[in-house]
Amino acid sequence: MFGWISSKFSRKLSFAIALVFVSAMLLADFLVIRVLQNQLIAELAGNIKSQAAVAALSAESPVTLSKKTIASRNLISRLRQACDCRVTFIDTRGVVIGDSEISEESLDKIENHKNRPEIKAALEGRPALVNRHSETTGQDYLYAASSIAGRGGAAGVVRLALPLTQIHVKTARLRRAVALVFLLVLGVSLLCVFWLSRSFFNPLSEIVAVAQQLADGQYGARLRRLPKDDMRQLGIAFNGLADKIEQDIKRLSGLEEVRKDFVANVSHELRTPLTAIKAFAETLRLGALDDVKNRGEFIAEIEKNADRMNRLVDDLLELSAMESGRRRPVKEPVSFMKVAAESVAGLKPLAEKKRIVIKMEPLHGLPEFSADRNQIKQVFANILDNAIKYTGGNGTIYIGAAAKDGRLTVSIGDTGEGIAPEHLPRIFERFYRADKARSREIGGTGLGLAIVKHIVEAHGGAVGVESKPGQGSRFFFSLPLT
Ligand SMILES: Nc1ncnc2c1ncn2[C@@H]1O[C@H](COP(=O)(O)OP(=O)(O)OP(=O)(O)O)[C@@H](O)[C@H]1O
Ligand SMILES: [Mg+2]
């Protein structure tokens, strides 16, 4: 996946490095090799110049300058060996008397050397050094000429010539060595680039692969091997990000489930009373309206179901207002004793009807505390209402409250049917009912305890329940007294 980026990157980097190396090589050639070459030539020039002077001294004899003498031929060949260069003798008229590289027979064909710059200068008494192409041999030479002293001035000139090809060969060899070193270093650098970009891009390509998996919805995908060195932090951060994404997605799909459940529950809860209302209305329309004895009952049923829908909608609106934060507790000093007494008074007729006794501990001495009075009343009333609803005839309800450690704790116990342990953890959820059929028959919507939990938690408190099926339940909540 990241391969192409990696190869593109290393190609670019390799190209840049190669460019740097080639420029460095050219620069080295210019600066170092040229300088070396010039120095070499200068050194050789110095040598050949002094050699020419020595050669001129050794030729100071009239014999040597007469053409074709054995002595002159011997001297030329000895000098050639000693200096390892071409040796030429020229007389004062410019005639070449002898040359180490030219046979005696050919000497006559050589043109007059009088106008060669080095000869001219030497005859004028200036030892000369000239770098020039030779017409005679067709090569580049470094010429050094020195005049041979005779009786009445210069008797001739000895000239030494060193072919420059030697120097060219030497510098070419040097150039080759330098190029080889550069190429070796370039090769090693390119290997380094390859290795570095691999160690850099391999972890990245793994991260990209996992990111792709995440994008494809595989939220459990993680980097199994964390990269080493500098990339390690990136790997850790990446896995952390993936964890967060997975958790968020889980939460969102959980919320989506809750929303779907909620819509289904609301529709279901509304349909039951609606169906009943429609059925009773239809019965009335089809003749029951004239049934003076029973029509009141039908109308009462319609009213009862409409009330139930009303309650459901009220509860839903209340819950939604609290959940969205639109309905925050409006705090004022609250006396729990008064709140409890009012609620008990309101629900007493219901309890008496079922011959249920409500026993309330004396609640004197409880301090006032800051809370939303209506909401606290609703909490207490909802729990008490349940206790009455889900307790059979002749039961007892115990109410207790205590202030301790800065908290008010209220407990409402009953001797009712109780709640099976499997229902306890979910009893405070919206629409959750331990015994659906029974609760519905009683007219419950399953929202009462959800509202209780919301209100108590909005006040910074906590709710709880314990129950023994068949023996009764005890609900409790605590609120901070500040
Ligand atoms: N004291 C109790 N004893 C036994 N079961 C209870 C008691 N209180 C609550 N429950 C169970 O918990 C469920 C949820 O209670 P909740 O008050 O939320 O709803 P509800 O009473 O059914 O309807 P609503 O209160 O909205 O009219 C009830 O349906 C019932 O099954
Ligand atoms: Mg209830």
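Visitor: Which residues of H10 are buried?

Guide: In H10 they are Gly448, Leu449, Ala450, Ile451, Val452, His454, Ile455 and Val456. A residue is called buried if 20 or more other C-beta atoms lie within 10 Å of its own, exposed if 12 or fewer, and partly exposed in between, with C-beta atoms placed from the backbone. This is a predicted model, in which local features need pLDDT of at least 70 and side-chain atom pairs count only at pLDDT 80 or more, while totals for chains, interfaces and linings use all residues. Residues are numbered from 1 along each chain as its sequence is written, and chains are lettered from A and ligands numbered from 1 in the order in which they are written.

Visitor: What makes H10 largely enclosed by the rest of the structure?

Guide: Helix H10 covers residues 448–458, and 8 of its 11 residues are buried, so H10 counts as largely enclosed. The cover over those buried residues includes helix H6 (295–324), H8, strand S11 (462–468) and strand S12 (472–480). Helices (H or I, at least four residues) and strands (E, at least two) are DSSP runs, numbered from the N terminus.

Visitor: How do you know that S11 and S12 pair?

Guide: Two strands pair if DSSP finds at least two bridges between them. S11 and S12 have 7 bridges, in the antiparallel sense. One example is Val465, whose bridge partner in S12 is Phe475. The hairpin of S11 and S12 has 3 residues between the strands, and Gly470 there takes a positive phi near 90 degrees. Gly460, just after H10, also has a positive phi, of about 80 degrees.

Visitor: How do you know that the span of helix H7 agrees with its number of residues?

Guide: The expected span of a helix is 1.5 Å times one less than its number of residues. For the 18 residues of H7 (residues 336–353) that gives 26 Å, and the end C-alpha atoms are 26 Å apart, so the two agree. H7 nevertheless has a kink of about 45 degrees at Leu347, shortly before the proline Pro349. The bend at a residue is the angle between axes fitted to the seven residues ending there and the seven starting there.

Visitor: What covers the buried residues of H7?

Guide: The buried residues are Phe336, Val339, Ala340, Ser343, Leu347 and Ala351. Their cover includes strand S6 (332–334), strand S7 (357–360), helix H8 (373–389), strand S9 (396–404) and strand S10 (407–414). S7 and S9 pair in the parallel sense over 4 bridges, with Lys359 opposite Tyr398 in S9. S9 and S10 pair in the antiparallel sense over 8 bridges, and Ala401 has Val410 in S10 as its bridge partner.

Visitor: Why is Asp405 called exposed?

Guide: Asp405 has 8 other C-beta atoms within 10 Å, so it falls in the exposed class. Its place is in the loop between S9 and S10, which form a hairpin with 2 residues between them.

Visitor: What is the phi of Asp405, given that it is not a glycine?

Guide: Asp405 has a positive phi of about 55 degrees. Most residues other than glycine have a negative phi. Phe431, also not a glycine, has a positive phi of about 65 degrees and lies in the loop between S10 and helix H9 (436–442). Phe431 has 16 other C-beta atoms within 10 Å and therefore counts as partly exposed.

Visitor: Why does Leu164 count as partly exposed?

Guide: Leu164 has 18 C-beta neighbours inside 10 Å, which puts it in the partly exposed class. Leu164 lies in the loop between strand S5 (153–163) and helix H4 (165–215). Leaving aside neighbours within four places in sequence, Leu164 is in contact with Asp140, Tyr141 and Leu142. Contact here means that the C-beta atoms of two residues, placed from the backbone, lie within 7 Å.

Visitor: How do you know that the chain is more spread out than a compact globule?

Guide: The chain has 10 helices and 12 strands. Its radius of gyration is 58 Å, well over the 23 Å that the globule rule gives for 482 residues, so the chain is more spread out than a compact globule. The radius is taken over C-alpha atoms, and the rule is 2.2 Å times the number of residues to the power 0.38. Along the principal axes, the C-alpha atoms fill a box of roughly 170 × 60 × 35 Å.

Visitor: How far apart do the C-alpha centres of domain 1 and domain 3 lie, and what is the distance?

Guide: They lie 121 Å apart. The assignment gives domain 1 (3–168), domain 2 (231–306) and domain 3 (328–480), with bounds from an automatic or database domain assignment.
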